[in-house]
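Reader: Got a minute to walk me through this one? I'd like to start with the ligand.
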Amino acid sequence: MFKVAMIGAGSAIFSLRIISDFTKIPEFEDVEIYLMDIDETRLNSTFILANKLSEEMGTSLKFKTTTNLEEAIDGAKFVINTAMAGGHNYLEKVRKIGEKWGYYRGIDSQEFNMVSDYYTISNFNQLNLFLKVARLVEEKAEKGAWLLQAANPVFEGTTLILRNVPINMVGFCHGHYGVHHIAEIIGLDISKIDWQVAGVNHGIWLNRFFYEDKNGYEILDKWLKNNTYEPKHPFDDQLSPAAIDMYNFYGQMPIGDTVRNSSWKYHYNLETKKKWYGKFGGADSEIGWKWYQDNVRAITKTINKLANYVSMNPRIKLLDFNLYKDYLNIEIFKEEIESIINPEKFSGEQHVPFIDSIVNDKKQRFVVNILNNGIIEGIDDNVAVEIPAWVDSNGIHPEKISPRLSERVIKYYLRPRIMRMEMALEAFIKGDINVLKEFLFRDPRTKSEEQVEGVLNEIMNLPENKKMKEHYSK
Ligand code: NAD
């Protein structure tokens with residue numbers, strides 16, 4: 001038996017997926033899982049549903065709840081971080097201030113980083129929390145414990161932690177499933193594709209693509225010549241005009257969230273976004289992001305309702321979906337729950353299979369965020385890269401990246417993105433406001449010094465940013 005700590009266990013997106021994965025691996029039947037969150041209502045809902053699921057799946061997983069970070073991490077062998085300091089409310093507050101000062105979609109939405117919950121410069125509290133968790137792993141967790149990072153920003157977070165805290169750590173994202181999405185749309189069997197992606201988190205590219213013995217890119221080109229793709233929802237962008245335009249420019253296909261993280265060209269305003277991402281303007285337009293937030297809010301509310309329902313009707317069977325499915329009035333949540341209660345199906349999140357590989361020495365392939373150390377040529381060793389790797393009880397074994405990423409991907413996409421990561425981390429580490437200002441002076445939306453001073457002042461003066469203000473006033 002070993003202990004796992006889930007930090008931010010009230011997270012609507014991750015918790016139930018991860019817990020359900022634990023129930024599906026027989027070797028993990030008596031793992032002890034500490035659910036930690038600062039929001040007791042969300043925590044309690046996760047706890048009720050986790051216990052119920054585990055009992056019905058016939059496992060004896062042991063769940064404990066705590067609002068204390070130290071207690072959760074103490075003695076843990078694995079720590080999964082999905083927490084978001086300030087939550088979606090903070091992000092929207094800061095976005096609104098940015099828009100007031102002339103920064104459409106907020107100051108953190110930048111060239112090569114447009115993902116709307118991926119703040120890099122106004123998220124002092126989140127980066128601080130990352131370091132706090134990592135240092136507690138170093139001090140309190142079991143010797144050799146692993147920190148599995150899912151909370152964003154994964155690129156900045158993984159680089160920050162691995163440069164500063166000597167622990168085992170890996171960052172995870174599900175963006176590489178974009179490869180599966182391409183296969184599905186153009187009619188290829190994913191199990192017959194030989195693929196590789198490489199880059200940095202939310203900036204990964206399909207460097208290898210073979211279908212049986214054929215060049216997959218030739219198949220894709222043929223499909224693109226004869227078809228256009230209509231997005232079914234705002235996140236349905238893998239074959240959007242923006243993705244294809246990026247493919248034409250860079251010579252390799254952007255995968256997953258990389259399509260959102262494109263240059264200013266696609267993001268001047270809603271009209272431009274619609275041209276490149278279809279009728280919703282993509283995930284990060286005001287339409288797309290509202291759709292996502294409404295769903296996240298509705299799912300959180302439904303999880304709380306479902307947990308209440310289960311605690312008042314303890315004999316109800318979560319595994320008998322027909323008994324309560326009409327009660328869950330959100331389509332995507334229905335799909336989610338159906339997959340969670342299906343004993344044959346894993347969620348697709350990599351955390352639990354990764355733990356399985358480490359603990360049970362099962363060699364499996366993952367896409368991981370780790371320090372480069374020579375994996376991608378042309379990028380510094382101490383920058384976190386996202387690449388495929390095999391994992392077993394000896395740890396992570398990166399694949400050789402072959403063929404190489406295109407010159408344009410390295411020079412015109414990854415290096416400018418890495419430069420902004422470096423600026424965000426230097427500003428954070430040194431508390432140097434001038435680095436944040438310089439970051440914004442390079443933003444084409446900036447028209448004056450007063451605009452930069454004004455927006456940063458207003459953000460720093462938010463009550464939740466008291467520590468940030470002190471840090472940057474040193
Ligand atoms: P959410 O706000 O719904 O959940 C985050 C949870 O963190 C909440 O329950 C909140 O109470 C908790 N929390 C906040 N501060 C905390 C603290 N100090 N200690 C412990 N818990 C704390 O957010 P979400 O939409 O579920 O997203 C969570 C994170 O995951 C975000 O950073 C998001 O960007 C990221 N994300 C990552 C991926 C990926 O593939 N890596 C995918 C989607 C979202």
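Author: Sure. A residue is near a molecule if one of its heavy atoms lies within 4 Å of it. Also, keep in mind that this is a predicted model.

Reader: Fine. How many residues surround the ligand, and which are the closest?
Author: The ligand is surrounded by 25 residues. The closest are Ser11, Asp37, Arg42, His88 and Asn152.

Reader: How does the shell split by class?
Author: It has 13 nonpolar, 8 polar and 4 charged residues.

Reader: Now polar contacts. What does Ser11 do?
Author: A polar atom in the Ser11 side chain sits 2.5 Å from a ligand oxygen atom.

Reader: And Asp37? How far is its side chain from a ligand oxygen?
Author: An N or O atom of the Asp37 side chain is 2.5 Å from an oxygen atom of the ligand.

Reader: Where does Met84 come in, backbone or side chain?
Author: Backbone. A polar backbone atom of Met84 is 3.2 Å from an oxygen atom of the ligand.

Reader: How much of the ligand does the protein bury?
Author: The protein buries 91% of the 860 Å² that the ligand exposes when taken alone.

Reader: Switching to charges. How many salt bridges are there?
Author: The count is 30, taking a side-chain nitrogen of Lys or Arg within 4 Å of a carboxyl oxygen of Asp or Glu. In general, side chains of opposite charge can pair when their charged atoms come close.

Reader: Give me one. What does Lys100 pair with?
Author: Glu458. Their closest N and O atoms are 2.7 Å apart.

Reader: Why would I care where those two sit in the sequence?
Author: Lys100 belongs to helix α4, residues 87-100, and Glu458 to helix α16, residues 449-460, so this salt bridge ties together parts 358 residues apart in sequence.

Reader: Is Lys100 buried or exposed?
Author: Lys100 is exposed, at 57% relative accessibility. Glu458 is partly exposed, at 25%.

Reader: What about Arg445? Which residue is its partner?
Author: Asp443, with the closest N and O atoms 2.7 Å apart. Arg445 is buried, because its 14% relative accessible area is under the 20% cut-off. Asp443 is buried too, at 2%.

Reader: Where does Lys362 fit in?
Author: Lys362 forms a salt bridge with Asp356, and the closest N and O atoms are 2.9 Å apart. Lys362 is partly exposed at 29%, whereas Asp356 is buried at 5%.

Reader: Which residues make up the network that includes that pair?
Author: Glu27, Asp356 and Lys362 are linked in a network of salt bridges.

Reader: On to strands. Why call β8 largely enclosed?
Author: Strand β8 covers residues 203-211, and 8 of its 9 residues are buried, so the rest of the structure largely encloses it.

Reader: How does β7 join it, parallel or antiparallel?
Author: Antiparallel. Strand β7, residues 193-200, is joined to β8 by 8 bridges. Gln196 has Arg208 in β8 as its bridge partner.

Reader: What's in the turn between them?
Author: β7 and β8 form a hairpin with 2 residues between them. His202 in that turn has a positive phi of about 65°.

Reader: How many bridges does β8 make with β10?
Author: There are 3, and the strands run antiparallel; β10 spans residues 253-255. Leu206 is opposite Met253 in β10.

Reader: And β9? Which way does it pair with β8?
Author: β9, residues 214-215, pairs with β8 in the antiparallel sense over 2 bridges. Phe210 has Asn215 in β9 as its bridge partner. The β8 and β9 hairpin has 2 residues between the strands, and Glu212 takes a positive phi near 50°.

Notes
Residues numbered from 1 in each chain as written. Predicted model: local features only at pLDDT ≥ 70, side-chain atom pairs only at ≥ 80, totals over all residues. Heavy atoms only, no water. Helix = DSSP H or I, 4+ residues; strand = E, 2+ residues; numbered from the N terminus. Buried < 20%, exposed > 50% of the residue type's maximum accessible area, 1.4 Å probe, protein only. Polar contact = N/O pair within 3.5 Å; in protein donor to acceptor, adjacent residues only side chain to side chain. Areas by Shrake-Rupley, 256 points an atom, 1.4 Å probe, with all protein chains shown as cover. Nonpolar A, V, L, I, M, F, W, Y, C, P; charged D, E, K, R; others polar. Pairing = 2+ DSSP bridges.
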